[in-house]
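Me: Please take a close look at one part of this model, the strand pairing and the packing that goes with it. I would like a single connected account rather than a list.

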Amino acid sequence: RLAMQNGKGDFYEIYPIDGIPSGGYQCGALWDEKEHQTWCATGYLRLFLHHVFGINPIAKEGFYLHPIGMKDGSECQIKDLRYKDMNLTITVKGHTDNPLHSKIRCKINGKRSTPHISNKLKGDVDVKIWVK
């Protein structure tokens with residue numbers, strides 16, 4: 001919501017609790033805000049990919065999914081995520097505070113599966129995960 005508040009999708013370096021972009025307090029002074037902070041945007045994407053969706057790559061094998069989901073347990077989805085020869089849609093529903101010790105149900109292309117995405121998969125791959 002904060003990144004889209006001005007309608008341009010700008011990522012600023014710091015968003016204090018009031019939601020107004022800031023450059024933060026550095027070197028003894030309050031700095032002006034700076035938009036287009038690519039490192040902030042990539043950090044935001046990492047938050048979703050690594051934590052919410054739980055994508056954990058394993059070099060030659062593909063990746064495992066150990067999602068935490070959204071805090072309120074609502075459904076979260078990422079579409080058209082390109083990985084190797086795949087076009088992934090990943091849907092996560094539910095929430096856990098400990099993804100490595102949670103109950104996970106997974107379906108890949110409609111079939112029950114472990115939450116492992118093999119590098120051998122190709123084309124459109126639909127992954128649905130329920131965590132609790």
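Reply: Cys-76 has Val-92 as its bridge partner in E6, a pairing that belongs to the antiparallel arrangement in which six bridges join E5 to strand E6, residues 86-94. The model is a predicted one, and the description that follows should be read with that in mind. Between these two strands lies a hairpin with two residues, where Lys-84 takes a positive phi near 50 degrees.

The hairpin is part of an open sheet of five strands, ordered E5-E6-E10-E7-E8, whose pairing is mixed. Its edges are strand E5 (76-83) and strand E8 (111-113), each of which pairs on one side only, and neighbouring strands in this sheet are turned against each other by 25 degrees on average, with direction ignored. Towards the E8 edge, strand E7 (residues 104-108) pairs with E8 in the antiparallel sense over three bridges, and Ile-108 stands opposite Lys-111 in E8. Strands of a sheet pair through backbone hydrogen bonds, in either the parallel or the antiparallel sense.

A further open sheet is built from three strands in the order E3-E4-E9, with antiparallel pairing. Here the edge strands, each pairing on one side only, are strand E3 (55-58) and strand E9 (116-118), and the average turn between neighbouring strands is 25 degrees, direction again ignored. Four bridges hold the antiparallel pairing of E3 with strand E4, residues 62-65, and Pro-57 stands opposite Phe-63 in E4.

Which residues have the most contacts inside the largest nonpolar core? That core has 17 residues, and the ones with the most contacts inside it are Phe-53, Leu-65, Leu-88, Ile-90, Ile-117, Val-127 and Ile-129. At least two residues of the core come from each of E4, E6, E7 and strand E10 (123-131), so that E4 of the three-stranded sheet and E6, E10 and E7 of the five-stranded sheet contribute to this core. In soluble globular proteins, nonpolar side chains tend to be buried together.

Ile-129 offers a convenient place to follow the packing residue by residue, leaving aside those up to four places away in sequence. Ile-129 touches Leu-65, another of the residues with the most contacts inside the core, as well as Pro-67 and Pro-115. Its contacts also include Thr-91, Val-92 and Lys-93, together with Ile-104, Arg-105 and Cys-106. Val-92 thus appears twice in this account, as a contact of Ile-129 and as the bridge partner of Cys-76.

How values were computed:
Residues are numbered from 1 along each chain as its sequence is written. This is a predicted model: local features need pLDDT of at least 70, side-chain atom pairs count only at pLDDT 80 or more; totals for chains, interfaces and linings use all residues. Side-chain values use heavy atoms; hydrogens and water are left out. Two strands pair if DSSP finds at least two bridges between them. Axes are lines fitted to C-alpha atoms, for helices over the stretch in contact, and angles run from 0 to 180 degrees between N-to-C directions. A nonpolar core is a set of buried Ala, Val, Leu, Ile, Met, Phe, Trp, Tyr and Cys residues joined through side-chain atoms within 4.5 Å. Buried means under 20% relative accessible area, exposed over 50%, partly exposed in between (1.4 Å probe, protein chains only). Contact means heavy atoms within 4.5 Å.
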